[in-house]
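Got your viewer open and a selection box ready? Let's walk through this one stop by stop, picking something to select each time and saying what is there.

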Amino acid sequence: MNRSDPSPTSPRRKVLISTDAANEADDQFAVAHALLSPVLDVRGVLPAHFGRNGSRAASRAEVDRLCDLMSVGDSITIADGAEGALTDAQTPRPSAASQLIIDEAHSDDRRLCIAVLGPLTDVASALLEDPSLVATDPLVVWVGGPPYEGPAGYSPEFNLVNDVPASEVVLASGVELWQIPMPVYTMVGVGHAELRERLSGTSPLGDYLVDQLIEFNTTVSYGPLDFRSLGDSPAIGALLNPLGARWSLRPPPRFTVDAQIDGVLDEHRRIRVCEGFDTRWLIEDMFAKLRAWGDAERIARAR
C-alpha cells in the first residue's frame, strides 16, 4: 500500500478505527477508505462487538479478511475489543482495544483521533481505566444516535443501543466528541448498479466490497433492496475533511436504556453534531482511491 510521507509541518492524523465490521456491509468501505488516505496514519483497527454473543470474534474475522485483501495484515495493529457492552457507567471492560487507545493517546505529541463505527464500549472502557486519558485531548468521531428532531428511520438506533452506558461515559467525560447521528449517516446511499459499474473488476478488494454488500442485502427482512447506505463513511470523511460537514453545537444528550434522548447530561458542555455531509465528495473520493489502488495492484502484479 502506497502512502505519501507526512511533511514536517503537517504530520498525518493519528487514527484508531473501532469497527463492528461483521454487523452489516458498510464498515468495510470506511476502513478501506481510511487505509488508502495518505493524510491518515491509521495506527490500529479495533474489532468491536455488536450486541450478540460471538459478535466481536466475527468482527475480528472480517477485519482480518479485509486487511489480507489490502495486504496490510503485517503492518497494522489489530486489537480486539470487549466481548460485550459495559455493565454500567462506572465499571470498565478492559481489552486489547482499550489498552491500545490508552497507549496511542500517550505515545507522542500528536492528537489521537478515534473513529467509532459501532458502540462506544472500548473508548468508554479506556476512559474508565485511565482517567488521565482526558488530558491527552483525544478526538472521538462517533457514528450513532437517533435524530434530535423528527421521527427516526428505525428505532432503537443500533450503535447506541448496543452500549448505552458507554455513551454516558464518553459524553460525560469531557473529551471532544463529533457525533454523526442517524439523519446524516442514512443519507450516504449507493445502489448496486453504481457499485458494480464503479468498483467491480477493479481489484479483488473492489469485488469483495461490492459482493459482500449485495449478499448482505439478500439477508435483510425489510427488502428487497438494490442500494445501501455507506453510513459509517462520514466518520472517515469528517477526519479527512471537517469542512465537508455542517455542524451544530449541542449539549450532550442523556439517553434512556432503550436508546431514546431524555434531556441533557450537562447544559454547560457542548458536543459537535453533524447536520449534513458532502456525500458527493465523500463517495467520489472513496471510489477514486479504491480504483487507483486496484490499478497500482495490477501494475505491481504484472512486473
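**Stop 1: a parallel pair**

Select residues 112–116 and 139–143: these are strands β4 and β5, and they pair in the parallel sense over 4 bridges. Bear in mind that you're looking at a predicted model.

For the residue-level view, pick alanine 115 and look across to β5, where the bridge partner is valine 141. Then try isoleucine 114, whose bridge partner in β5 is valine 140.

Now swap to the other neighbour. Add residues 13–19, strand β1: 5 bridges join β1 to β4, and the two run parallel. Serine 18 is a handy marker here, with valine 116 as its bridge partner in β4.

**Stop 2: the whole sheet**

Zoom out and color by strand. In what order do the 8 strands of the open sheet run? Reading across, you get β3-β2-β1-β4-β5-β6-β12-β9, with mixed pairing. The edges are β3 (77–78) and β9 (245–250), each of which pairs on one side only.

Go back to β4 and switch on its side chains. In a regular strand the side chains alternate between the two faces of the sheet. Are the faces of β4 covered or open? Both are covered: Leu112, Ile114 and Val116 sit on one side, Cys113 and Ala115 on the other, and all are buried. That fits the tally for the strand, with 5 of 5 residues buried.

**Stop 3: two helices side by side**

Select 27–35 (helix α1) and 233–240 (helix α10). Two packed helices are described by the angle between their axes and the distance between the axes. For this pair, the axes come within 8 Å and cross at roughly 20 degrees. Angles under 35 degrees count as roughly parallel, so α1 is roughly parallel to α10.

Which residues make the contact? From α1, show Phe29, Ala30, His33 and Ala34; from α10, show Ser233, Ile236 and Leu240. If you color by class, this contact has 5 nonpolar, 2 polar and no charged residues.

Keep α1 selected and check its accessibility. Helix α1 is mostly covered, with 9 of its 9 residues buried. The buried set includes Asp27, Gln28 and His33 as well as Phe29, Val31 and Leu35.

**Stop 4: the cysteines**

Next, select the cysteine sulfurs. A disulfide is a covalent bond between the sulfur atoms of two cysteines. How many disulfides does a search of the whole structure find? The count is 0.

Two distances are worth drawing in the viewer. From cysteine 67, the closest cysteine sulfur is in cysteine 113, 19 Å away and too far for a bond. Cysteine 274 also has its closest cysteine sulfur in cysteine 113, at 16 Å, again too far for a bond. Cysteine 67 counts as buried, at 1% relative accessibility. Cysteine 274 is buried too, with a relative accessible area of 1%.

**Stop 5: backbone oddities**

Time for a torsion check. Most residues other than glycine have a negative phi, and most peptide bonds are trans. Here are some exceptions to click on.

- Serine 155 to proline 156: this peptide bond is cis, with omega near 0 degrees. Proline 156 lies in the loop between β5 and α5 (158–161).
- Glycine 223 and proline 224: a cis peptide bond joins them, with omega about 0 degrees. You'll find proline 224 in the loop between α9 (204–217) and β8 (227–229).
- Aspartate 137: phi is positive, about 60 degrees, although the residue is not a glycine. Look for aspartate 137 in the loop between α4 (121–129) and β5; it is partly exposed, with a relative accessible area of 40%.
- Alanine 259: phi is near 70 degrees, a positive value in a residue other than glycine. Alanine 259 is in the loop between β10 (253–255) and β11 (261–264), and it counts as buried at 0% relative accessibility.

**Last stop: along helix α11**

Finish by selecting residues 279–302, helix α11, and click alanine 292 inside it. Alanine 292 is partly exposed, with a relative accessible area of 43%. Draw one more distance, C-alpha to C-alpha, from alanine 292 to aspartate 278: they are 14 residues apart along the chain and separated by 21 Å.

How values were computed:
Residues are numbered from 1 along each chain as its sequence is written. This is a predicted model: local features need pLDDT of at least 70, side-chain atom pairs count only at pLDDT 80 or more; totals for chains, interfaces and linings use all residues. Side-chain values use heavy atoms; hydrogens and water are left out. Axes are lines fitted to C-alpha atoms, for helices over the stretch in contact, and angles run from 0 to 180 degrees between N-to-C directions. Angles under 35 degrees count as roughly parallel, over 145 as roughly antiparallel, 65 to 115 as roughly perpendicular and the rest as oblique. Contact means heavy atoms within 4.5 Å. Ala, Val, Leu, Ile, Met, Phe, Trp, Tyr, Cys and Pro count as nonpolar, Asp, Glu, Lys and Arg as charged, and the others, Gly among them, as polar. Two strands pair if DSSP finds at least two bridges between them. Buried means under 20% relative accessible area, exposed over 50%, partly exposed in between (1.4 Å probe, protein chains only). A disulfide is a pair of cysteine sulfur atoms within 2.5 Å.
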